Each structure stands twice: as C-alpha cells, then as structure tokens.
Amino acid sequence: MSIKVAFVGLGVMGYPMAGYLSKAGYQTRVYNRTFTKAQHWAEEYQGTACDTPKKAAQDCDMVFVCVGNDDDVRSVVYGDDGILAGLKPGAVLVDHTTTSAELAIELAQAAKENGNAFIDAPVSGGQAGAENGVLTIMCGGEPQVFDEVAPVMDAYAKQSNLFGENGQGQRCKMVNQICVGGVLQGLSEAILLAQKTGLDVEQVVDTLKHGAAGSWQMENRAVTMSNDQFDFGFAIDWMRKDLGFCLKEAQRVGIELPLTQDIDQRYAELQKEGYGRMDTSVLIKALGKNQ
Ligand SMILES: NC(=O)c1ccc[n+]([C@@H]2O[C@H](COP(=O)([O-])OP(=O)(O)OC[C@H]3O[C@@H](n4cnc5c(N)ncnc54)[C@H](OP(=O)(O)O)[C@@H]3O)[C@@H](O)[C@H]2O)c1
C-alpha cells in the first residue's frame, strides 16, 4: 500500500492501534516520548521508530496522535520537533486523544495555516477495543478529509462517523462519557441493593443483560464490581479529565448536568483516597460507605 502513516503516542491505546496500521500494510512510523516503547513496537511490528514527532511525520500522508490531555497534544504537535514542522503540504493530522473541543478548533486552525487538514477523532471501546481493533471513532472535520482517513482508521475501528465541523467529534465523546458515568452510578446502586438483599449478582447479570437494563458496563463490569476488582481498564484520572470537558461545555451552552456533576465529585473523592489509576467502575466504592 502506498499510503504512508505515522502514529504518535504508544500508550495503552496507541500501541495496538499503530500495530493494526502496520498489519494492514501501511508504511508506518511511530514516535513515543519514552523511546524504548517505540523501539519495542518496531521489534514487534513492521515499521520505523523515530525519536521526534517531526521525523515521524515527514513524508507521511496521515499522522495519528493518541496521547494524554490537551497540553500533551500541544507538546507533540507544535515546536521545532513537532508534527506540524514535519508534515508535508496536504497531509492530514488526526487526533485520537480525548481533549477539549477548543483544542480541536485550535489544531484545525494551526493545521490549516501549515497547509494541512485536521480531524478530531476520539475513540470509545477501551483497551480491549484497541487490542481487538474494534474501536468506535467520533469525528469532527471536513467531509472530504474524513472520507480520506476513514478507510485507514478501519484498520482498528468497527465504526467511525462524522458529526460535523472540528470539535464535534470531541463533543460526541463528551456525550459518551456522560452516558458511561450515569450507567456506572446506576449499576453501583443496583449491585449494592442486590448484595444487601442476598441476590446472586452473577445470576442477576446473566438474566438482566438480555433485557432493557442490559449495557456494556453491565456485561463487562458488574461482576468485577461485585468482586471488588478494579485494577484494570479506564482510569478515574482520565475520566475526571473527560467529565471536566463535559461540565465546561455544559456551562458554555448554559445547561446543568446534575448527575454528571455529582459523579465527578464522587470520582474526586475516590482520587483523594488513592484510586486514581483504578477503573471507572470503582465508583461503587463511593456508595456503600457505612452500609
Ligand atoms: N485507556 C482507555 O481505555 C481509553 C479509552 C478511550 C479513550 N482514551 C483516551 O486516549 C488517550 C490515551 O489513553 P491511554 O490509555 O493510551 O493513555 P496511556 O497509556 O497513559 O498513554 C499515554 C501516551 O501518551 C504519551 N504522552 C503523555 N504525555 C505526553 C507528552 N507530554 N508528550 C509526549 N507524549 C506524551 C505517553 O508517553 P510515555 O510512554 O512516554 O508516557 C503514552 O504514549 C487519553 O486521552 C484517554 O483519555 C483512553
């Protein structure tokens, strides 16, 4: 395949995503802040480890990013060694990091001034979705640019959709995170009642998952929640970043999100208790105190 791609940020999500690009036959370059991870990736897959984002981006048709927060993205995109310094005219920058919508708009402008196009493309599906190449991708940007990158993202996605101009992908991800938080709070209360009334949680889940209460969280998290297992999955630290974007966006459009606000506070308390790296399903621990 003649399309050349680069992937910047080989974390829990980026490492397998970049691997799928290589396995799909794209000439792939990678960059990671901790270079040993990029070297390890290049031993496992066909591709080249580069020691700056600029070198990874040079000659590429598309560069994909998946790092931590807004400032982490800025640190790999801007500057003398950044992606924009290396991108050839007409190439596309795609950001899979979950960020603010403002950052997406800022990056779109910076890319345009550099002769490039930009797509904000946060993902859903977690570590398992990345490792199995079945992520859901929520995009913002120009339709013709989306049409160019979507077939490439198919390497690690089961679905990618365009929701409008730059920023709309990130806003759709905010909607996703509000849903996840609400479902987890409901599940926490449901499991607590089931346990306190002597129901077998596994049997309850096996039955309810087929009905109207069924959800991804119920299928994948209810049993581990009832067994007090949280050392895996999507960390509270990331979730608080995301809920912060939701609450800021709500303020911008003049609406209240009372449940999201409450859940964010519960996560803040759990962070103080040292659960920051635990999966978001640890929300159940904010209930049940003294019960
Ligand atoms: N994990 C999930 O289930 C999940 C699901 C959906 C969305 N997301 C989102 O996807 C993004 C990445 O998540 P992840 O779980 O893959 O995170 P992660 O495992 O912590 O990896 C973060 C990656 O970003 C790099 N990085 C962080 N700060 C950087 C900086 N200032 N400059 C350069 N590189 C930097 C890290 O490099 P080093 O190796 O040097 O630390 C690492 O490669 C986040 O925005 C998260 O909210 C995660």
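**Close-up 1. Lys 88 and Asp 61 form a salt bridge.** In this predicted model, the side chains of Lys 88 and Asp 61 meet at 3.2 Å, N to O. A salt bridge is a side-chain nitrogen of Lys or Arg within 4 Å of a carboxyl oxygen of Asp or Glu. The pair links distant parts of the chain, 27 residues apart. Lys 88 sits in the loop between helix H5 (83-86) and strand E5 (92-95). Asp 61 sits in the loop between helix H3 (53-57) and strand E4 (62-65). Helices (H or I, at least four residues) and strands (E, at least two) are DSSP runs, numbered from the N terminus. Lys 88 is partly exposed, at 32% relative accessibility. Asp 61 is partly exposed too, with 24%. Buried means under 20% relative accessible area, exposed over 50%, and partly exposed in between (1.4 Å probe, protein chains only).

Residues are numbered from 1 along each chain as its sequence is written. Local features need pLDDT of at least 70, side-chain atom pairs count only at pLDDT 80 or more, and totals for chains, interfaces and linings use all residues, while side-chain values use heavy atoms, leaving out hydrogens and water.

**Close-up 2. Lys 285 pairs with Asp 228.** Their salt bridge spans 3.0 Å, N to O. Lys 285 lies in the segment after helix H13 (258-272). Asp 228 lies in the loop between helix H11 (216-226) and helix H12 (236-253), and the two residues are 57 residues apart. Lys 285 is partly exposed, with a relative accessible area of 24%. Asp 228 is also partly exposed, with 49%.

**Close-up 3. A salt bridge joins helix H13 to helix H12.** The closest N and O atoms of Asp 264 and Arg 240 are 3.0 Å apart. Asp 264 belongs to helix H13 and Arg 240 to helix H12, 24 residues apart. Asp 264 is buried, at 7% relative accessibility. Arg 240 is partly exposed, at 24%.

**Close-up 4. Asp 71, Arg 74 and Glu 106 share a network.** Salt bridges link these three residues. The model has 15 salt bridges by the rule above.

**Close-up 5. Cys 66 and Cys 139 are in no disulfide.** The count of disulfides (cysteine sulfur atoms within 2.5 Å) is zero. The closest cysteine sulfur to that of Cys 66 is in Cys 139, 13 Å away, so the two are too far apart for a bond. For Cys 139, the nearest cysteine sulfur is that of Cys 172, 9.5 Å away. Cys 66 is buried, at 12% relative accessibility. Cys 139 is buried, at 0%.
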